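Look first at how the protein meets the nucleic acid, then at how two of the helices pack. The structure is shown here.
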There are 2 protein chains.
Amino acid sequence: MNQPKTDPRILRTRKLIMDTFMELSGKKEFKDITVTDIAAEAMINRATFYYHFEDIYDLLEKVLSEVLVVNLDCSNYQDNELNEEVITSIFVAITNFQKSLSNRCHRGYEDTIARNIREQLEIIFYRMLLKQHKTEEDEGLKITAVILSWGIYGASVEWKRQSNKITPEEFIQLAIPHLLHKHDI
Amino acid sequence: MNQPKTDPRILRTRKLIMDTFMELSGKKEFKDITVTDIAAEAMINRATFYYHFEDIYDLLEKVLSEVLVVNLDCSNYQDNELNEEVITSIFVAITNFQKSLSNRCHRGYEDTIARNIREQLEIIFYRMLLKQHKTEEDEGLKITAVILSWGIYGASVEWKRQSNKITPEEFIQLAIPHLLHKHDI
DNA sequence: TTGGTTTTGTCGCTTATACAACACATTGAA
DNA sequence: TTCAATGTGTTGTATAAGCGACAAAACCAA
């Protein structure tokens, strides 16, 4: 909560770069976007890009995280209880996110995106589990988070496969009873 | 045309400040807007404001100029012929500009705005007259520009007074025949 | 393959912006 | 009036961002 206040210039420039990247992603495929493009479009110096990001893959990952986190913050996952409502909203957020990406970054980087989504989920689930169990570190919870993240992510893939037949909410809620009753304390 | 490329940071920050000011102008009256407000809203340091502008009046004038110039650039006054078409488009630009300001900066600063509009007009007319007459400097043309600028500005005030009765285009074109035939070579 | 073009990271130096502190005005309520 | 709060300009110092240049890598057509 009490971070030492990051320099506003950093926030501005990061946002500018990320926004520009997302805008470009709407026009070209990821593989055709260069750092030089981004710098030109954002009207920043290319060196400034490297001040903030390791390379373009680093940027991609951070943008994905950001968008996911924003989506998830809109829902109320901060209640930090791993209940039906939270899982549903997370699932909806993911499917929304994937829909919003469906015209961007198509070929060749689904892998990167998928990996990133799952990793983010793992982090989120782990945090929630830790809070729920009031511990500091726990290998068991870590593994649980891995399983949950893969599971939820896989569900979103499956939902996409049979899309239009059922809403994300309905879809996930078909499974929830079977999941939660096993994990409840 | 070949300026030595102003630093992109300057362009960015100036635009940010101006945009923020215009946004705030939509919410408060000019007299209630402080430099501190602008800096806070734009998330820049207050000292940065003073790096670009003398004070808030300086900002106001520059914003007005900017908006006017943009309005005028949209029309085709760069054909630098002082003909019927150009005068009409300038007049329309001014009335549009005043309409767009009607909910902002009301009480107490019509004077500043008016003065600024007229000064801009004077500059524009002088430039056009110089080009038209292909001279470098001319006291007579300068005075002519003064007269034209006051005249056109006054016309816009008069039009506003009896608004809704007639379009700006029609209004100014009632006078144009009487003006141009005297100034034509 | 070759060789030309583009992109990538990185570096040293300059400049714009952040921040905190300051003295001074202006305001507004007691 | 007086006092407290708020706004104004300004300054010194730290840091982010700009710029040009560079070698190396990646790309691509001949």
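**DNA contacts and a helix pair**

In this predicted model, a polar side-chain atom of A:Thr36 lies 3.1 Å from a phosphate oxygen of DNA strand C. The residue before it in the numbering, A:Val35, approaches the strand through its backbone: one of its backbone N or O atoms is 3.2 Å from a phosphate oxygen. A:Tyr50 uses its side chain, with an N or O atom 3.2 Å from a phosphate oxygen of DNA strand C.

Elements from both chains line the strand. Those giving two or more residues to the surface near DNA strand C are H1 (8–27), H2 (35–42) and H3 (46–52) of chain A, and H1 (8–25) and H3 (46–52) of chain B. H3(B) has the largest share, with 5 residues. In total, 23 residues surround DNA strand C, and A:Arg9, B:Thr13, B:Thr48, B:Tyr51 and B:His52 come nearest. By class, this surface has 9 nonpolar, 6 polar and 8 charged residues. On the DNA side, 71% of the strand C atoms within 4 Å of the protein belong to sugar or phosphate, and the rest to bases.

Two of the chain A helices at this surface, H1(A) and H2(A), also pack against each other. Their axes come within 9 Å and cross at roughly 115°, so the two helices are roughly perpendicular. The crossing of H1(A) and H2(A) is right-handed. H1(A) contributes A:Leu16, A:Ile17, A:Thr20, A:Phe21, A:Glu23, A:Leu24 and A:Lys27 to the contact, while H2(A) contributes A:Asp37, A:Ile38, A:Glu41 and A:Ala42. By class, the contact between H1(A) and H2(A) has 6 nonpolar, 1 polar and 4 charged residues.

Definitions and conventions. Residues are numbered from 1 along each chain as its sequence is written. Chains are lettered from A and ligands numbered from 1 in the order in which they are written. This is a predicted model: local features need pLDDT of at least 70, side-chain atom pairs count only at pLDDT 80 or more; totals for chains, interfaces and linings use all residues. Side-chain values use heavy atoms; hydrogens and water are left out. A residue is near a molecule or strand if one of its heavy atoms lies within 4 Å of it. A polar contact is a pair of N or O atoms within 3.5 Å; within protein, one must be able to donate a hydrogen and the other to accept it, and residues adjacent in sequence count only if both atoms are side-chain atoms. Helices (H or I, at least four residues) and strands (E, at least two) are DSSP runs, numbered from the N terminus. Ala, Val, Leu, Ile, Met, Phe, Trp, Tyr, Cys and Pro count as nonpolar, Asp, Glu, Lys and Arg as charged, and the others, Gly among them, as polar. Axes are lines fitted to C-alpha atoms, for helices over the stretch in contact, and angles run from 0 to 180 degrees between N-to-C directions. Angles under 35 degrees count as roughly parallel, over 145 as roughly antiparallel, 65 to 115 as roughly perpendicular and the rest as oblique. A crossing is left-handed if the near helix is turned anticlockwise from the far one by less than a right angle, and right-handed if clockwise. Contact means heavy atoms within 4.5 Å.
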